[in-house]
Amino acid sequence: MIIGSGPAGYTAAIYASRANLAPVLIEGPQLGGQLTTTTEVENFPGYPDGVEPFTMMDDLRRQAERFGTQFVSGIVTKVEFAAPVTGNPSPVTGNPSPVTHKVWVEDTDLYEADAVIIATGASAKYLGIESERTYRGRGVSACATCDGFFYRKKTVAVVGGGDTACEEANYLAGLCEKVYMIVRKPYLRASEIMQQRVLNNPKIEVLFEHNTLQLTGEGKVQGADLIYRKGEPDEAVKHIEIDGFFLAIGHHPNTELFKDYIARDAEGYIITHDNSTQCYQSSMTNNQSPILPGVFAAGDCADPHYRQAIVAAGSGAKAAIEADKYIKSL
Ligand code: NDP
């Protein structure tokens, strides 16, 4: 069983199906994963001219399908991962007896599997200010590629100073009259090339050391109140008129569903054993907990550092190889 349809999930499916594991992949709420919220993928090896994310994800899906992966469209709503059975090793291999892990799709459809690969990715973060909720879908968005089209020839703001924010600001600058970038630090965190693209784009104005206090507008976003140098003596409020407010301040892993069964770090990223994709049981403290046989994690749900499609794909391959080894050892 593979949960998730991003680069990690599909790559795991390609490897698992080629190993004759008969994988079933649950596609989840966002077919193709987070990558499909970007405009163009330029850094995935094998696409020298770049590729549209939907094309790339469809390529991966078809590759997995070719070797027999079954796809289920739906959302996993519950899991029950079985704890290892102790004291009852297989008479053949000496390994622990096989256990069955259970996965429910949309509360009703139960799937049982010897091994589960979690590849549920991560989701966009919001600032947590009240007006952001008030205007969600009415000027507030966390996906420029999805919603940028609605702001053609308008003025928008992008919050964040990382690669995502720079990428989104550049994309929006291609559509909009003007783009503000609201950056809380005095510098951008993004890679050099992305920074240069932003700083050289005449349509983008970067507001360093600004934080958003609130959004304003009658029924939809029409402006934002920002504070300059929060807590400093020269702190000042600045109002900008905008039609759209795009969040690009990072992501949190989609792992809540598994918290009773597997170990996660303080931010919710799944902790895996050493250099593998093998999960620990949830009772883990200081890496002391035993592993949870047959449960593996791949991609952004277990990766707070790299968060790249190619890295996710690589860990998907690792997870499938480890699942194959585990199943064959039973
Ligand atoms: P990052 O974590 O790299 O950056 C998040 C940005 O949002 C930072 O500037 C951070 O500020 C800011 N931020 C966070 N919380 C708040 C807040 N509450 N208020 C205001 N600002 C806030 O996330 P990204 O999504 O940009 O990137 C994630 C990973 O994906 C990175 O490794 C990145 O390199 C990669 N990536 C690569 C791309 C590519 O290569 N084409 C494209 C997109 C992403 P601060 O700096 O102060 O912490």
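In this predicted model, Pro-7, Ala-8, Thr-11, Ala-12, Tyr-15 and Ala-16 of helix α1 are in contact with Ala-309, Ala-312, Ala-313, Gly-316, Ala-317, Ala-320 and Ile-321 of helix α7. By class, this contact between α1 and α7 is made up of 11 nonpolar and two polar residues, with no charged residues. Helix α1 spans residues 7–18 and helix α7 spans residues 309–329, and their axes come within 7 Å while crossing at roughly 35°; the crossing of these two helices is right-handed.

A second helix pair is formed by α5, which covers residues 163–173, and α6, which covers residues 192–199; these helices pack at an angle of about 35°, and their axes lie 9 Å apart. The crossing of α5 and α6 is left-handed. On the α5 side the contact involves Asp-163, Cys-166, Glu-167 and Asn-170, which meet Met-194, Arg-197 and Val-198 of α6. The residues of this contact divide into three nonpolar, one polar and three charged.

Helix α5 also takes part in the surroundings of the ligand, since it supplies three residues, the largest share of the shell. In total, 18 residues surround the ligand, and the closest are Gly-161, Asp-163, Thr-164, Lys-185 and Arg-189. Sorted by class, the shell around the ligand holds four nonpolar, eight polar and six charged residues.

The following side chains place polar atoms beside atoms of the ligand.

| Side chain | Ligand atom | Distance |
|---|---|---|
| Asp-163 | oxygen | 2.5 Å |
| Arg-184 | oxygen | 2.9 Å |
| Glu-167 | nitrogen | 3.2 Å |

On its own the ligand has 910 Å² of accessible area, of which the protein covers 79%.

Two residues of the table also appear in the helix contact described above: Asp-163 and Glu-167 of α5 are among the residues that meet α6, while the side chain of Asp-163 has an N or O atom 2.5 Å from an oxygen atom of the ligand, and a polar side-chain atom of Glu-167 lies 3.2 Å from a ligand nitrogen atom.

Technical notes
Residues are numbered from 1 along each chain as its sequence is written. This is a predicted model: local features need pLDDT of at least 70, side-chain atom pairs count only at pLDDT 80 or more; totals for chains, interfaces and linings use all residues. Side-chain values use heavy atoms; hydrogens and water are left out. Axes are lines fitted to C-alpha atoms, for helices over the stretch in contact, and angles run from 0 to 180 degrees between N-to-C directions. Helices (H or I, at least four residues) and strands (E, at least two) are DSSP runs, numbered from the N terminus. A crossing is left-handed if the near helix is turned anticlockwise from the far one by less than a right angle, and right-handed if clockwise. Contact means heavy atoms within 4.5 Å. Ala, Val, Leu, Ile, Met, Phe, Trp, Tyr, Cys and Pro count as nonpolar, Asp, Glu, Lys and Arg as charged, and the others, Gly among them, as polar. A residue is near a molecule or strand if one of its heavy atoms lies within 4 Å of it. A polar contact is a pair of N or O atoms within 3.5 Å; within protein, one must be able to donate a hydrogen and the other to accept it, and residues adjacent in sequence count only if both atoms are side-chain atoms. Accessible areas come from the Shrake-Rupley method with a 1.4 Å probe; for residues, only the protein chains shown count as cover.
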